[in-house]
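Student: Hi! Could we go through this one together?
Tutor: Happy to, let's have a look.

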Amino acid sequence: MTRRSAKPKPDVPYLPEQHIEQHVAVLLAQFSDARDPITKPPVPIGDIVELHLRLTYEVEDLKALFGHPDVLGAIWFKEKIVRVDRSLDPHENTKMLGRYNFTLAHETGHWQLHRHHYTEDPNQAMLFGGRGKPAFVCRSSQKPPAEWQADCFAGYLLMPRDLVLPAWEEWRGSIDPVCVDELPAVKFRPDENSNQSAALEMFCKPLAAHFEVSAEAMRIRLEKLGLLLREQPNTLF
Amino acid sequence: MADIAKPFGRMLREKRIEKGFSLRKFAELVDLSPTYLSQVEQGKVVKPPTAERVKKIAELLGESADQWIALAGRMPDDLSKIIRKEPEEMPSLLRAAEGLTAEQLRALTNRAKKMKGKDND
């Protein structure tokens with residue numbers, strides 16, 4: 001999923017993916033210590049946001065609030081408020097559950113990674129629904145570094161390695177990867193790379209449903225873990 | 001016991017968090033959309049949840065259904081029926097009782113129960 005902030009944002013320091021994964025591991029460990037250990041998917045992202053991090057969580061018409069048709073979520077650091085756009089409400093449209101969870105996890109990423117790098121503008125205090133100016137407005141069209149980091153955080157948070165690997169093994173019967181050339185070919189997209197992505201996403205849909213994420217998010221995570229391949233690995237024999 | 005000085009939505013959010021329900025989980029339990037529940041909590045809805053729904057909310061949160069229905073600006077279904085049965089006398093009784101202390105109201109309730117008991121004898 002790609003996003004971008006609506007307004008110029010402060011620079012955030014470069015973070016390697018490994019560090020982001022470590023941030024997630026710390027958060028999950030703290031949540032497990034404070035509440036219930038997470039032993040199987042889905043990761044209870046609502047509990048993490050509201051009950052553990054104590055952020056106020058609201059569902060709102062953000063598209064109307066910000067005047068952009070592609071706003072998915074926003075976060076107000078000072079007020080500790082996370083808002084998700086009502087178009088993602090899974091009660092209204094069950095197909096949106098994955099994007100709803102991902103957006104909530106994405107905003108959690110901003111909270112965990114970026115809140116110390118951002119000072120809110122006091123002159124904008126009463127704009128945007130009486131909540132002041134949000135720190136990040138997350139849209140579906142571009143991806144500056146902070147948005148990329150929050151996406152990465154969301155992927156690790158909703159699909160942690162310790163849950164994905166056992167789930168894959170239970171589903172597949174082994175931890176062997178699957179290559180796209182073993183799957184039914186997809187030809188409806190304009191280029192080979194997109195067709196491969198579509199084939200992999202159709203394949204991993206059952207696991208995505210298990211983790212309550214989109215097939216796209218699941219495919220990206222499984223490719224990172226080396227469980228979905230686009231080429232057969234080179235072997236000596 | 002609910003803090004009647006607080007708006008219904010704010011109290012609902014506080015109690016929901018206190019009892020360990022996330023917004024989506026609680027919305028599922030009471031069969032509402034997270035969007036609507038969030039709007040209720042923010043005090044942004046024109047029509048509050050129905051009395052039946054508020055009763056379910058109060059039960060899940062371990063609160064008094066009657067008190068929460070009143071706080072939500074609704075009337076319990078049985079009260080509507082009672083008033084419809086005595087459309088003149090019952091509102092008159094309520095108006096007469098308005099302003100009495102909680103203790104006086106309890107005494108009046110006990111007196112009414114005794115009167116009903118005698119009628120049933």
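Student: Which residue forms a salt bridge with A:Glu201?
Tutor: A:Arg219 does, and the closest N and O atoms of the two are 2.8 Å apart. A salt bridge here is a side-chain nitrogen of Lys or Arg within 4 Å of a carboxyl oxygen of Asp or Glu. Before we go on, this is a predicted model, where local features need pLDDT of at least 70, side-chain atom pairs count only at pLDDT 80 or more, and totals for chains, interfaces and linings use all residues. Residues are numbered from 1 along each chain as its sequence is written, chains are lettered from A and ligands numbered from 1 in the order in which they are written, and side-chain values use heavy atoms, with hydrogens and water left out.

Student: Why does the pair A:Glu201 and A:Arg219 tie together parts of chain A?
Tutor: Because A:Glu201 lies in helix 8 (residues 192-211) and A:Arg219 in helix 9, the pair ties together parts that are 18 residues apart in sequence. Helices (H or I, at least four residues) and strands (E, at least two) are DSSP runs, numbered from the N terminus.

Student: Buried or exposed, those two, A:Glu201 and A:Arg219?
Tutor: Both A:Glu201 and A:Arg219 are buried. Buried means under 20% relative accessible area, exposed over 50%, and partly exposed in between (1.4 Å probe, protein chains only).

Student: What does A:Arg221 form a salt bridge with?
Tutor: With A:Glu21, the closest N and O atoms being 3.5 Å apart. This pair links distant parts of the chain, as A:Arg221 is in helix 9 (residues 215-224) and A:Glu21 in helix 1 (residues 17-34), 200 residues apart. A:Arg221 counts as buried, at 3% relative accessibility.

Student: How many salt bridges does the structure hold over all chains?
Tutor: There are 18 over all chains.

Student: And in chain B, which residue pairs with B:Arg24 in a salt bridge?
Tutor: That is B:Glu28, with the closest N and O atoms 3.3 Å apart. The two are separated by about one helical turn because they are 4 residues apart in helix 2 (residues 23-29) of chain B. B:Glu28 counts as partly exposed, at 47% relative accessibility. Elsewhere, salt bridges that share partners join A:Glu50, A:Glu58, A:Arg83, B:Arg13, B:Arg16 and B:Glu41 into one network.

Student: Switching topic: which residues form the negative surface patch?
Tutor: B:Glu52, B:Glu59, B:Asp66, B:Asp77 and B:Asp78. Helix 4 (51-60) and helix 6 (77-85) of chain B are the elements that give two or more residues to that patch. Patches are made of residues with over 30% relative accessible area and no salt bridge, with like charges joined within 9 Å and nonpolar side chains (Val, Leu, Ile, Met, Phe, Trp, Tyr) within 5 Å. B:Asp78, found in helix 6, is partly exposed with a relative accessible area of 46%.

Student: What about backbone oddities, where is the cis peptide bond?
Tutor: It joins A:Pro41 and A:Pro42, with omega about 0 degrees. A:Pro42 is found in the loop between helix 1 and helix 2 (45-52) of chain A.

Student: Which sign does phi have at A:Arg54, positive or negative?
Tutor: Positive, about 60 degrees, although A:Arg54 is not a glycine. A:Lys80 has a positive phi too, of about 55 degrees, and is found in the loop between strand 3 (71-76) and strand 4 (81-85) of chain A. Most residues other than glycine have a negative phi, and most peptide bonds are trans.

How values were computed
Accessible areas come from the Shrake-Rupley method with a 1.4 Å probe; for residues, only the protein chains shown count as cover. Lys and Arg count as positive and Asp and Glu as negative; His and the chain ends are not counted. The place of a charge is taken as NZ of Lys, CZ of Arg, CG of Asp or CD of Glu.
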